[in-house]
Amino acid sequence: MNQAIIGIDLAKNVLQVCYISKHGELLCNKAMSRQKAKEFLAKTKPAVVAVEGCNGCHYWGRFAQQFGHEVRVINPKKVKRYLEGHKTDKNDALAIANAALQIGLKYSAPKSLEQQALQSLESSRRFLSRAIVSLGQHIRGTLLGYGIATPCGEKGLKATVAIAMECDTDIPSSVVKVISAYWQQYNLLKSELKALEKAKNAVTHQIEPCTRLMQIEGVGESTALMLYTILGDGKQFKNGRQASAFVGLTPKQHSSGGKVIMIGIDKCGGVKDLRSLLYLGAMSYIGRMPDIPKTQKDAWLAKAIERIGFKKACIALANKTVRTAWAMLRYETEYKPILLAA
């Protein structure tokens, strides 16, 4: 150990700070207010500051970096392995510090203010989208309870709500008023979602790395934004495979005795939202790919579809997209597809 370890169990008002010297001695493990914790980080010599991944980890990580600390954001599932005894703030902070000491443990760096802002816009977009779907399903279920079946799609929902509010039905007037209020809220959420998507796309086009990422096949505004938010400048990953494994697009491995056995991708791990966008983008690109390939990637995709099928080829293209994006962010290069010889 060349540096001391500071493990911080983040909370709203009271933070638990565990301080371990570079000789492995536990110097303190006590609760501090937000102001006291800031003063502690400002006065302490540069050390490794470890926190769990949560809402406040990027704010505290950027604050610690101002004073020369090396910040490590660790997955809470990995910290859980080093928890000894009952779950208390002291034990949690000690587990975070112990996890930061482990060799080979993967961790993330705190996001910049720009990256966190983009992440907030994307999470707000997903929240509004899910709220619209949830409210629409509630309206459909309420109408179905009175014998009115709603066709699929927004057009069918709009027609059914109009029938419920204008025609003579068995629905009580009090319920009709509630459905009318929900429908107004549904339309308001739709307009807010459109405005948010427009603002998000405008911000994405203003960021130079995102404009470069959108040159990759099957990558649009939302996918480029998430790639830039998740991968950053690419320096936290050793190579493209590490970045792809972080997203969750590499196959699991179960090897023993020199026998290497590769299984399917782990759908439970990784960044699910980004993986979903990459898969949908790959499906869109492969679905409209020309019959005669013009680039080496198109030729590779055509052979992959014949060999492993459409869906596995989409996963392969998503995997290659992440690796390409990592290389472009890491080395600040443009995307230049290799054309086939005429």
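**Figure 1. Strand 4, helix 2 and strand 5 form a right-handed β-α-β unit.** In this predicted model, the helix of the unit, helix 2, spans residues 57–65. Strand 4 covers residues 48–52, and strand 5 covers residues 70–74. The two strands run parallel and are joined by five bridges. Within this pairing, A50 of strand 4 has R72 of strand 5 as its bridge partner.

**Figure 2. Strand 4 also pairs with strand 1.** Strand 1, residues 5–9, runs parallel to strand 4, and four bridges join them. A50 appears here again, standing opposite G7. A50 is thus placed between two partners, G7 in this pairing and R72 in strand 5. Strand 4 is mostly covered, with four of its five residues buried.

**Figure 3. Cysteines C18 and C28 are not joined by a disulfide.** A disulfide is a covalent bond between the sulfur atoms of two cysteines. The cysteine sulfur closest to that of C18 belongs to C28, and the separation is 7.2 Å. The pair is not counted because this distance is too far for a bond, the cut-off being 2.5 Å. C18 is buried, with a relative accessibility of 0%.

**Figure 4. Cysteines C54 and C57 are likewise unbonded.** For C54, the closest cysteine sulfur is that of C57, at 5.1 Å, which is too far for a bond. C54 is partly exposed, its relative accessible area being 34%, whereas C18 is buried. The disulfide count for the model is zero.

**Figure 5. T250 lies in the loop between helix 10 and strand 6.** Helix 10 comprises residues 240–247, and strand 6 comprises residues 251–253. T250 counts as buried because its relative accessibility is 10%, under the 20% limit. Beyond its neighbours within four places in sequence, T250 is in contact with R241, S244 and A245. I265, D266, N319 and R323 are also among its contacts.

**Figure 6. E332 has a positive phi.** Most residues other than glycine have a negative phi. The phi of E332, by contrast, is near 55°. E332 is located in the segment after helix 13, which spans residues 310–331. E332 is exposed, with a relative accessible area of 67%, in contrast to the buried T250.

Terms used
Residues numbered from 1 in each chain as written. Predicted model: local features only at pLDDT ≥ 70, side-chain atom pairs only at ≥ 80, totals over all residues. Heavy atoms only, no water. Buried < 20%, exposed > 50% of the residue type's maximum accessible area, 1.4 Å probe, protein only. Contact = heavy atoms within 4.5 Å. Pairing = 2+ DSSP bridges. Right-handed = clockwise from strand over helix to strand, strands pointing away.
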